[in-house]
Amino acid sequence: MGNSCSGLKEKLGQRLRPSPTLNFIRSILIPKKKKDFCVVVLGSAGVGKSALVQRWVNSCYSDKYVPPAPMADVIYHVPDGFFGSGTKMRITDLPGGQLYPALQCLKIARGHAFILVYSVTEKQTLEELTPFYELIREIKGGNLYKYPIVLVGNKCDEVRRELTTLDGAAYALKWNCGFFETSAKKNVNVEELFFELLTQEREPDTTPQPTPVKSQMPNIAEDVLAVCVPC
Ligand code: GDP
Ligand code: MG
């Protein structure tokens with residue numbers, strides 16, 4: 001009984017298995033779906049994550065606080081020179097806190113690059129990035145070259161600061177990751193930040209040592225050009 005069952009199963013399996021010729025024709029005729037380049041933005045509420053994404057994608061800035069939409073990714077069409085044509089950058093602007101731990105893990109698992117944002121006006125927001133960094137390391141392992149992380153001190157336009165550039169740079173050294181001070185408001189270093197991630201992804205990941213992304217260490221770079229249309 002057992003033997004005849006397994007024989008029947010084997011025959012059925014052979015019938016249902018597509019032939020090598022069919023597989024070959026499929027691989028030529030059906031174009032493979034291009035993978036999006038997924039960037040995950042993490043940090044405490046109010047540090048300017050959404051403002052940075054808005055500035056990069058739509059080249060605009062609003063002083064209004066936008067409540068987080070946890071399931072909504074922002075899509076940015078990557079210029080052709082980076083990964084060939086048609087690649088999209090999928091940016092997940094993850095709300096901080098313990099509200100959506102399962103969602104955070106899922107998005108981190110799918111992420112190709114990570115932006116950890118704090119505000120230079122609030123010391124606590126830099127300290128609050130440690131659990132995010134540890135979660136990324138836990139989920140992705142130690143290969144920062146393959147999955148680059150960039151630390152970002154936003155609101156560098158503000159005169160009232162609780163953190164110096166060196167404070168951020170010290171964290172970046174400890175975490176062996178890239179570092180920028182940015183201003184979504186004044187459009188400082190936003191383009192540099194995202195282009196850096198795109199450039200990292202384009203390079204082959206055959207280097208033996210994980211390399212931190214080339215970045216602002218510790219000097220603040222000058223203003224950059226605006227990217228696209230106003231809000
Ligand atoms: P998120 O919760 O991290 O997404 O923070 P938002 O992007 O919603 O920004 C929170 C507040 O910070 C808003 O009132 C923004 O206008 C303000 N903000 C964001 N980026 C900057 C910046 O670069 N400079 C200054 N001065 N304020 C900013
Ligand atoms: Mg937000």
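**Ligand 1 and its surroundings**

Twenty residues make up the surroundings of ligand 1, and of these 20 residues G46, A51, Y61, D63 and D157 come nearest. Everything here comes from a predicted model. Sorted by class, the shell splits into 7 nonpolar, 7 polar and 6 charged residues. Helix 3 (residues 49–58) supplies the largest share of that shell, with 3 residues.

On the polar side, a backbone N or O atom of D63 sits 2.8 Å from an oxygen atom of ligand 1, and a polar backbone atom of K49 is 2.9 Å from an oxygen atom of the ligand. With S183 it is the side chain that takes part: one of its N or O atoms is 3.5 Å from an oxygen atom of ligand 1. Taken on its own, ligand 1 has 580 Å² of accessible area, and the protein covers 91% of it.

Turning to helix 5 (residues 101–110), the buried residues are L103, Q104, K107 and I108. Viewed down the axis of helix 5, they fall within an arc of 130°, so they line one face of the helix. That fits the usual geometry: an α-helix has 3.6 residues a turn, so residues three or four places apart point the same way. The buried residues of helix 5 pack against strand 1 (37–42), strand 2 (73–77), strand 3 (88–93), strand 4 (113–119) and helix 7 (130–140). On the face turned away from this buried side, helix 5 carries the exposed residues A102 and R110.

Then there is E181, which lies in strand 6 (residues 178–181). E181 is buried, at a relative accessible area of 0%, and its side chain makes a polar contact of 2.7 Å with that of R161.

Notes: Residues numbered from 1 in each chain as written. Chains lettered and ligands numbered in written order. Predicted model: local features only at pLDDT ≥ 70, side-chain atom pairs only at ≥ 80, totals over all residues. Heavy atoms only, no water. Helix = DSSP H or I, 4+ residues; strand = E, 2+ residues; numbered from the N terminus. Buried < 20%, exposed > 50% of the residue type's maximum accessible area, 1.4 Å probe, protein only. Polar contact = N/O pair within 3.5 Å; in protein donor to acceptor, adjacent residues only side chain to side chain. Arc of directions from axis to C-beta. Contact = heavy atoms within 4.5 Å. Near = heavy atom within 4 Å. Areas by Shrake-Rupley, 256 points an atom, 1.4 Å probe, with all protein chains shown as cover. Nonpolar A, V, L, I, M, F, W, Y, C, P; charged D, E, K, R; others polar.
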